[in-house]
Amino acid sequence: MNTKQDIATLNMDIDKIRSEFPILGRSVHNKPLVYFDNAATTQKPQVVIDALVDYYTNLNSNVHRGVHFLSQQATTAFEEAREKIRKFLNARYNYEIIYTRGCTESINLVAGSWGRANIHAGDEILITALEHHSNIVPWQMLCEEKGAKLKVCPILEDGSLDMAALSQMLTTAVRLVAVTHISNTLGTINPVKEITRMAHEKGIVVLIDGAQALSHMKVDVQDIGCDFYAFSGHKVYGPMGIGGLYGREEVLNAMPPYQGGGEMIRSVTFEKTIYNELPFKFEAGTPNVGDAIGFGVALDYISNIGLDQIAAREHELLAYATERFKGDPLIRIIGNAPEKASLISFMIDKIHPYDAGTIIDQFGIAVRTGTHCTQPLMDSLGIPGTIRASFAFYNTREEIDKLMEAISKVEELFL
Amino acid sequence: MIKIEESTSAIVSEFDIFDDWMDKYNYLIELGKSLPLIDEKFKVESNLIEGCQSRVWLHAEFDGTNIHFTADSDAVITKGIANLLIRAYSGHTPQEILDSSTEFLNEIGLTQHLSPTRSNGLLSMIKQVKMYALAYKTKQAMG
């Protein structure tokens, strides 16, 4: 831990921050909640909850259509939120940000629109062994429909991507590389800028699944250079049911619409429909206005705290937990990539993760157990699943100590 | 042979002794560890039960009058639950099993206390027990 990070952490008033997340004050099984399932979804600060209540209390109306006061106010707030997302990701234009229901829908949008127009029989799509089902299944479906082939880049023993294999697999048949920024199961941070550079040298389009990344690190889509970047609001302290897709303007403009309906059209006759411009071309139907506004507020909230501070705090928690885990010879950490986000997947001796998770829950501690929607990865590691503790900046060392107590109890009961 | 209701009310009283859930789990774990071994040849895909985070195999044999269940799981707590179900239902006629209530699981607090995925696994196991009963009853009726 360098001095800069120590200072960064010292500047964070954890008690104050925790008090801003009302759910952290509740108890579970008569014990104070310890929430270590942040990779599944993060908790929401009061400002986000207030924004949702305020929207439905004072602003609710349909956007982009009405000339009336409320509609204009709601439209302004909705578009301001888009601008906040643009700024957060450092996209060039706000119309490069398309609202979706979340990361999964964003990937499906690319598969359904770009994929159906650009993938043909004999083409290849390259993914990695680290992918979440959301970044596997849409491509499988597309490959099946088109007679294309899905290829999987393997990982090394420590859970990092086999970059030598990746380089070899980027053949002339590959049309798209779809890779996760951070593995939700192992925490591995992939070198997405490098991967994008390698793919672009061969004219291959790149999609990054950013579901896990936005909450942990500064993401700059222009610096990465990728063509698509998919993300979810609820994993960045925002509401569920809202997310987005960043797409480079040139790529998005060349794509056919994804779904038909209102909002995505400029004019409709029974003979011919003229599609709307970006981003509305891809936003058919009434959008999720309230949650989009809440998403923007969440990004403001973490920007105010500072992503550097958050990253430093989370690294400190990860280092502490890793050190505690390594002190227990029965614990096996799954995934030891040098670049890792603040989550630990582990197994306790031969204890089934589900048994362990059930007992850990009795301590009021929320961890995730199972395959984490990465079944192929678990199969390749030859394990039935893992226990995953994923940390956010509002977690504490004391909470990690409680997890260690729960793990001791698990060992006592099952071994 | 004791009736299903007698077994299930005995199970409920056993669980009543424990005040907190950690003790109940401890008991379930003991039951899991003491679950009679299933014949390895029955741990096949067709005996796997869907809807559980851990893998559960349930095998049924019908002797013409009663159904006999054996089970296994890779998770101990699940084995404990399987043990309870076997104790309640194994060695009974298809009709008895079909007529029996699953209320005892609510009384223990199992259905409320276990997480939904686990709970679904439990419900899937019960569903499978009842499916076997229905299948063997049909087989009986057809001679």
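This note goes through the domains of chain A, a sheet with its packed helices, and the contact between chains A and B, in a model that is predicted.

1. Domain layout. The domain assignment divides chain A into domain 1, which is made of residues 3-32 together with 306-414, and domain 2, which covers residues 49-303. Taken over C-alpha atoms, the centres of domain 1 of chain A and domain 2 of chain A are separated by 28 Å.

2. Contact between the domains. Where the two parts of chain A meet, 23 residues of domain 1 are in contact with 19 residues of domain 2. On the domain 1 side, at least two residues each are supplied by helix 12 (307-326), strand 14 (343-348) and helix 14 (375-381) of chain A, and the largest share, four residues, comes from helix 12 of chain A. By class, this side of domain 1 of chain A holds twelve nonpolar, seven polar and four charged residues.

3. The seven-stranded sheet. Chain A has an open sheet of seven strands, whose order is 4-10-9-8-7-5-6 and whose pairing is mixed. Its edges are strand 4 (97-100) and strand 6 (149-153) of chain A, each of which pairs on one side only, and the twist from one strand to the next averages 20°.

4. Strand 4 and its partner. At one of these edges, strand 4 of chain A runs antiparallel to strand 10 (residues 243-247) of chain A, and four bridges join the two strands. Within this pair, A:Ile98 has A:Leu245 of strand 10 as its bridge partner.

5. Helices on the sheet. Helix 4 (residues 69-89) of chain A packs on the sheet, where it touches strand 4, strand 9 (228-232) and strand 10 of chain A, and the direction of helix 4 makes about 120° with that of strand 4. Helix 5 (residues 103-118) of chain A lies across strand 4, strand 7 (174-180), strand 8 (205-209), strand 9 and strand 10 of chain A, and runs at about 35° to strand 10. Strands 4, 9 and 10 of chain A are thus named for helix 4 and also for helix 5.

6. Contact between the chains. Turning to the second chain, 13 residues of chain B are in contact with twelve residues of chain A. On the chain B side, the elements that give two or more residues are helix 2 (21-33) and helix 3 (76-89) of chain B, with helix 2 of chain B providing the largest share, five residues. The residues on this side of chain B divide into seven nonpolar, four polar and two charged.

Note on methods
Residues are numbered from 1 along each chain as its sequence is written. Chains are lettered from A and ligands numbered from 1 in the order in which they are written. This is a predicted model: local features need pLDDT of at least 70, side-chain atom pairs count only at pLDDT 80 or more; totals for chains, interfaces and linings use all residues. Domain bounds come from an automatic or database domain assignment. Two residues are in contact if their C-beta atoms, placed from the backbone, lie within 7 Å. Ala, Val, Leu, Ile, Met, Phe, Trp, Tyr, Cys and Pro count as nonpolar, Asp, Glu, Lys and Arg as charged, and the others, Gly among them, as polar. Two strands pair if DSSP finds at least two bridges between them. Axes are lines fitted to C-alpha atoms, for helices over the stretch in contact, and angles run from 0 to 180 degrees between N-to-C directions.
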